[in-house]
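Hello,

Here is the structure I promised to pass on. Please open it alongside this note; my findings follow below.

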Amino acid sequence: LMSGVTLLQLHDDVSDREAVQRTMFDLRWKVALGLPLDFPGFDPSSLVNFRKRLVQHGKERYAFDRFIAVGRAAGFIPDKVTLLTDTTWAKGAGAVQNTYTLIRKAIRKLLKDLGYATPRTRRGLSPQIQALVTTYVRRKRKADIDWSDPQQRAAQLKQLVEDAEALLQLAADEQSDDAEMLASAWLLTKILGDDIVHDEQDDPQLGEGTAPGRIISVTDPEMRHGRKSKAQRFDGFKVSVSSEPSSDMILDINDVTATGSDGQHLLASVRRTEAQTGVTVERVVGDGAYGSGQNLEACAQHADQPIDLVTPCHRPADPEVHKSAFDIDLETKTATCPEGITISGRDRRDPEGRAFLLFRFPRDCCEACPLFERCVRSKIHGRSVRTSPYETYLQAQRERQETAEFQTLYRQRSRVERIIAELVFHGLRKTRYLGQAKRQLQRLWLAAVVNLKRLFRLAATHAIDLRLLLGQQRPCWAGPPASACAAIGS
């Protein structure tokens with residue numbers, strides 16, 4: 001019953017309390033769950049406890065894996081699959097906070113984890129700690145100042161930083177190994193490091209720009225600023241989705257960080273798909289974010305068999321002077337520019353010890369070239385061209401993406417975007433829970449909802465009784481007849 005209610009709750013995108021009310025008053029839910037008309041409902045906290053126990057016992061994938069197994073048993077998912085993969089953004093469950101609020105709430109959290117916030121421990125505390133507790137625990141609100149006045153804002157920031165540093169010193173003096181206290185101290189330290197700089201007078205100032213991995217919420221410290229494009233910014237997380245085109249079923253879904261390239265999650269998705277579903281991934285189709293040389297090499301050298309990675313390489317804004325316009329021969333270590341000048345390269349190594357070739361064309365030859373102004377940026381040297389450690393794979397991919405075979409395969413990619421749109425329709429954009437385990441549970445059960453809908457459609461198309469594959473038994477209470485179940489299923 002809890003599994004069925006959870007699936008319907010995510011399908012209709014309703015709260016725990018609303019979900020319980022629908023089991024009592026919505027005939028559609030009663031038929032789908034096999035409930036009698038006078039079903040009395042249950043306390044909404046039962047759904048909270050159900051999710052906690054799923055996480056506690058490692059059963060977050062229960063519904064998702066079960067429907068994948070049904071799809072495999074019915075023959076809807078083949079043994080060797082093509083993965084269509086992409087990511088989308090999702091809002092975090094916490095409030096995005098400014099630096100003043102971040103420091104204030106982080107101080108309050110650390111005071112509580114140190115045990116200073118309870119009435120029993122307030123007696124006997126030093127005046128310094130009592131003042132901190134009064135300011136940050138008992139008041140629970142921002143300072144009563146004129147926030148439009150820069151001088152008052154600066155004074156408030158200085159006070160916040162001084163109180164934070166004093167509290168961190170007190171926490172260090174405690175020498176406690178309590179995990180929650182250490183996590184709170186780290187959180188406060190990181191907020192100060194991300195947002196605060198000191199001027200020549202050692203007064204704290206708000207730093208310019210955004211620090212990498214900046215904390216944006218004390219409520220949900222794992223939230224981050226992210227971008228899907230230069231114009232589209234979001235606060236929260238990304239969700240990686242991989243589907244199979246012949247059945248349009250989701251084979252992998254994962255909650256990932258908002259920062260970084262989408263392509264860094266490709267290999268992990270392939271490994272999870274093969275390990276959890278028992279299929280063999282023979283091809284992956286993704287957009288240009290997945291076309292890094294590292295991914296191309298890893299797919300070509302995949303453990304069991306090579307994976308055909310169908311992804312376009314970066315298309316330059318000015319292709320006439322881009323590196324791809326140079327004819328680079330890796331065997332002879334020579335490069336020929338668009339004007340026909342050929343030079344030899346020099347062996348170099350990057351900071352990670354990977355070998356590459358550096359080609360530096362003579363300045364006088366470049367100055368005589370009609371493409372000089374567009375091609376050369378250095379004021380001293382001629383054009384420099386550097387190969388990638390994965391140049392062999394990148395060259396082959398650039399040649400392949402111009403073929404008709406590549407265009408035909410790449411056309412399939414749009415199917416995963418439609419599946420992501422369906423997930424978004426059912427509430428993927430709104431993260432319901434705090435913590436990575438609960439977020440992943442939401443992603444998996446939402447994908448299970450979409451997969452179950454697809455199983456109904458596939459079963460109807462192939463005239464298969466889905467209840468037999470699911471092993472569905474009639475409830476012990478007086479439920480609806482089998483014909484009603486079949487009707488709601490179709």
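Just after helix α1, Asp13 takes a positive phi of about 55°. The model is predicted, so please read every value here as computed from it. Helix α1 itself covers residues 2–12. Its buried residues are Met2, Val5, Thr6, Leu7, Leu8, Gln9 and Leu10. What do they pack against? The buried residues of α1 meet five partners: α2 (16–25), α3 (27–33), α4 (45–56), α5 (62–73) and α18 (436–461).

Confidence next. The chain averages a pLDDT of 89. Of the residues, 95% score at least 70. Residues 473–490 are another matter, with pLDDT below 50. That stretch still has 20 contacts in the model beyond near neighbours in sequence.

Now helix α11, residues 266–277. It has 12 residues. From its first C-alpha to its last it reaches 16 Å, close to the 16 Å expected at 1.5 Å a residue. Which of its residues are buried? In α11 these are Leu266, Ser269, Val270, Thr273, Glu274 and Thr277. Seen down the axis of α11, the buried residues fall within an arc of 125°, so they line one face of the helix. On the other side of α11, Arg271 and Ala275 are exposed. Just after α11 comes Gly278, with a positive phi of about 80°.

Two single residues in helices deserve a look.

- Gln156 sits in helix α9 (residues 150–174). Gln156 is buried, with a relative accessible area of 16%. Buried here means under 20%, so Gln156 qualifies. Leaving aside residues up to four places away in sequence, Gln156 touches Tyr100, Ala143, Ile145 and Trp147.
- Leu466 belongs to helix α19 (residues 466–470). Leu466 is also buried, at a relative accessible area of 6%. Residues up to four places away in sequence aside, Leu466 touches Val70, Leu455, Phe456 and Ala459. Gly71 lies 395 residues from Leu466 along the chain, yet their C-alpha atoms are separated by 9.8 Å.

On to the strands. How do β12 and β13 pair? Strand β12 (residues 346–349) and strand β13 (residues 355–360) pair in the antiparallel sense, over four bridges. Arg346 stands opposite Leu358 in β13. The hairpin has five residues between the strands. In that hairpin, Gly353 takes a positive phi near 85°.

Last, the cysteines. How many disulfides are there? A search of the whole structure finds zero. Cys299 is in no disulfide. Its nearest cysteine sulfur, that of Cys313, is 13 Å away. Cys299 is buried, with a relative accessible area of 1%. Cys369 is in no disulfide either. For Cys369, the nearest cysteine sulfur is that of Cys337, 6.1 Å away. A disulfide needs the two sulfur atoms within 2.5 Å, so the pair Cys369 and Cys337 does not count as one. Cys369 is buried too, with a relative accessible area of 18%.

If you have time for one region, try α11. You can turn the view down its axis and find the buried residues within that arc of 125°. Then check Arg271 and Ala275, exposed on the other side. Keep residues 473–490 apart as you go, given their pLDDT below 50.

Best wishes

Conventions. Residues numbered from 1 in each chain as written. Predicted model: local features only at pLDDT ≥ 70, side-chain atom pairs only at ≥ 80, totals over all residues. Heavy atoms only, no water. Helix = DSSP H or I, 4+ residues; strand = E, 2+ residues; numbered from the N terminus. Expected span 1.5 Å × (residues − 1). Buried < 20%, exposed > 50% of the residue type's maximum accessible area, 1.4 Å probe, protein only. Arc of directions from axis to C-beta. Contact = heavy atoms within 4.5 Å. pLDDT = per-residue confidence, 0-100. Pairing = 2+ DSSP bridges.
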